[in-house]
Amino acid sequence: MSDFDSGFWSWWIAAVTVIGIVWCIWLLNSQKKYLKNSKEEEVTDTGHVWDGNLRELNNPIPRWWIVMYLGFCAFGLGYLVLFPGLGGYPGVLSYTSADEVEQAQAKHLASVRPLYAKFDEMTIQQIAANPEAQQIGQRLFLNNCAQCHGSDAKGSPSFPNLVEGDSQWGRTPEAIEHTIVNGRHGIMPAFTGVIDASAAADTAQYVRSLSGLAHNQLAAIKGQRTYMAQCAACHGAEGKGNKMLGAPNLTDGVWLYGSSEQRIVEAIMKGRNNQMPPQGGHLTPEQVRMLTAWVWGLSNNRPEQVASNQQDGQAK
Ligand code: HEC
Ligand code: HEC
């Protein structure tokens, strides 16, 4: 694919490059009278004198220098014939650095393939329990995921905690693999115009009550009505969330954005829109499996968690 959007710029750059080299050769040639290294010719004096006795002479240009100069010009022309450099012309060798990277990557993948081969026959659960696989998984996580989810995988505001609490999209191996390969996009609509500020504050009090946080009971009772009418469709009548929609469990005490009334009102009035970009493009299927197992193991090594995750088996 060419980097130029019109043929003109390709020709323009090619012309400037060639004219530059031709000009260099012309320049050397124009200095002919200094090129001749003949002994007979008088070495002239430029008349410039420094410190009383340092005189500048017009000696001929040394031969080695001329050879080097022409050599560089020849090298430049040869390079431009073989490699890309003249506008959009790919060069006789059709070399591209992208090809070189691809080849290096293919070579690297071939060399690490045997490392992954022994996990091919294992289930995700078995991989998660394998110490060597845990090390590989952790390294892959640190390189590819930690910048968003944190090196301890406990997340930060708007980046989910993968260790504690309930998950948005499900923690079955299938759901995790789907998340890694395709990314996720969680959308909560804004309720401005539907819910007024005081009703939103009441609803926030009810939401806080769901996870046993301090709340105003009267406000929570009023808020419950709004919750049932506007929120239960996604977050569930009991506030346990919906893994098909990525609607978080509001009862688990783990918050993506914070549990203060202010943060909850903000979610109601402005909505939430949060996206994980797909990672499938730069990970091999083997790497995705190792990561799936590692992330699964983060929250599934506790028996009570396994029981709760089995219930979201249908979620993807
Ligand atoms: C650019 C930042 C970014 C990167 C990189 C990233 N994630 Fe995410 N991830 C997110 C965000 C944001 C969400 C929440 C999406 C939403 O709100 O639905 C998320 C969600 C998830 C979830 C679902 C959490 C749940 O509660 O259901 C899992 C699992 C996950 N990521 C794993 C990974 C793994 C494994 C990697 C590395 C291969 C990774 N992520 C790389 C930002 C990122
Ligand atoms: C259409 C479905 C939908 C409806 C309706 C909805 N939500 Fe949400 N809500 C979501 C999704 C999806 C997210 C997660 C957004 C993300 O991925 O960041 C969310 C996030 C939240 C959060 C942030 C949770 C955290 O862990 O920080 C709160 C609080 C919340 N919703 C409260 C409400 C309340 C209160 C209502 C009713 C007024 C409501 N939601 C209505 C889908 C919905």
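# Chat about the two iron sites and the fold around them

User: Let's start with R272. Buried or exposed?

Analyst: R272 counts as buried, because its relative accessibility is 15% and the cut-off for buried is under 20%. Keep in mind that this is a predicted model.

User: What does the R272 side chain meet?

Analyst: It meets the side chain of E266 in a salt bridge, at 3.1 Å from N to O. Elsewhere, R113, D120 and E286 are joined into one network by salt bridges that share partners.

User: How many salt bridges does the structure hold?

Analyst: There are nine. One of them pairs K243 with D166, whose closest N and O atoms are 3.1 Å apart. K243 is in the loop between α10 and α11 (261-270), while D166 is in the loop between α7 and α8, so this bridge ties together parts that are 77 residues apart in sequence.

User: And are K243 and D166 buried or exposed?

Analyst: Both are buried.

User: What about E164, which residue does it bridge to?

Analyst: E164 forms a salt bridge with K154, with 3.4 Å between the closest N and O atoms. Each of the two sits in the loop between α7 and α8, and they are 10 residues apart. E164 is partly exposed at 34% relative accessibility, and K154 is partly exposed too, at 38%.

User: OK, over to the metals. What coordinates the iron atom of ligand 1?

Analyst: On the protein side, the donors are H149, through NE2, and M276, through SD, lying 2.0 Å from the iron. H149 belongs to helix α7 and M276 to strand β4 (residues 272-276), so to speak two distant parts of the chain, 127 residues apart.

User: What's the geometry at the iron atom of ligand 1?

Analyst: It is octahedral, with six donor atoms and angles of 87 to 179° among them.

User: How exposed are H149 and M276?

Analyst: H149 is buried, with a relative accessible area of 10%. M276 is partly exposed, with 22%.

User: Now the other one. Which residues coordinate the iron atom of ligand 2?

Analyst: M188 does so through SD and H235 through NE2, at 2.0 to 2.1 Å. M188 comes from strand β3 (residues 184-188) and H235 from helix α10 (residues 217-235), so these two donors tie together parts that are 47 residues apart in sequence.

User: Why is the arrangement around the iron atom of ligand 2 called octahedral?

Analyst: Because the six donor atoms around that iron subtend angles of 86 to 178°. For six donors, the label requires opposite ones to be over 155 degrees apart and all the others between 65 and 115.

User: And the accessibility of M188 and H235?

Analyst: M188 is partly exposed, with a relative accessible area of 21%, whereas H235 counts as buried at 10%.

User: You said H235 is in α10. Which other residues of α10 are buried?

Analyst: Besides H235, the buried residues of α10 are A219, A220, G223, T226, Y227, C231 and A232. As background, residues three or four places apart in an α-helix point the same way, because there are 3.6 residues a turn.

User: Where is the kink in α10?

Analyst: The kink is centred on M228 and comes to about 55°. The end-to-end span of α10 fits into that picture: with 19 residues, its end C-alpha atoms are only 21 Å apart, short of the 27 Å that a straight helix would reach.

User: Changing topic: which residues does each domain cover?

Analyst: The domain assignment gives domain 1 as 7-82, domain 2 as 112-183 + 277-311, and domain 3 as 187-273. The centres of domain 1 and domain 3, taken over C-alpha atoms, are separated by 78 Å.

User: Last thing, backbone angles. What is phi of D51, and what is phi of S158?

Analyst: Phi of D51 is near 50°, a positive value in a residue other than glycine. Phi of S158 is also positive, near 75°. In general, most residues other than glycine have a negative phi.

User: Where do D51 and S158 sit?

Analyst: D51 is in the loop between β1 (45-50) and β2 (54-57), and it is exposed, with a relative accessible area of 72%. S158 is in the loop between α7 (146-149) and α8 (173-182), and it counts as buried at 18% relative accessibility.

Methods: Residues are numbered from 1 along each chain as its sequence is written. Chains are lettered from A and ligands numbered from 1 in the order in which they are written. This is a predicted model: local features need pLDDT of at least 70, side-chain atom pairs count only at pLDDT 80 or more; totals for chains, interfaces and linings use all residues. Side-chain values use heavy atoms; hydrogens and water are left out. Donors are N, O and S atoms within 2.8 Å of the metal (3.2 Å for Na, K and Ca); water is not among the atoms, so sites may look incomplete. Four donors count as tetrahedral if all angles lie between 85 and 135 degrees; four count as square planar and six as octahedral if opposite donors are over 155 degrees apart and all others between 65 and 115; anything else is irregular. Helices (H or I, at least four residues) and strands (E, at least two) are DSSP runs, numbered from the N terminus. Buried means under 20% relative accessible area, exposed over 50%, partly exposed in between (1.4 Å probe, protein chains only). A salt bridge is a side-chain nitrogen of Lys or Arg within 4 Å of a carboxyl oxygen of Asp or Glu. Domain bounds come from an automatic or database domain assignment. The expected span of a helix is 1.5 Å times one less than its number of residues. The bend at a residue is the angle between axes fitted to the seven residues ending there and the seven starting there.
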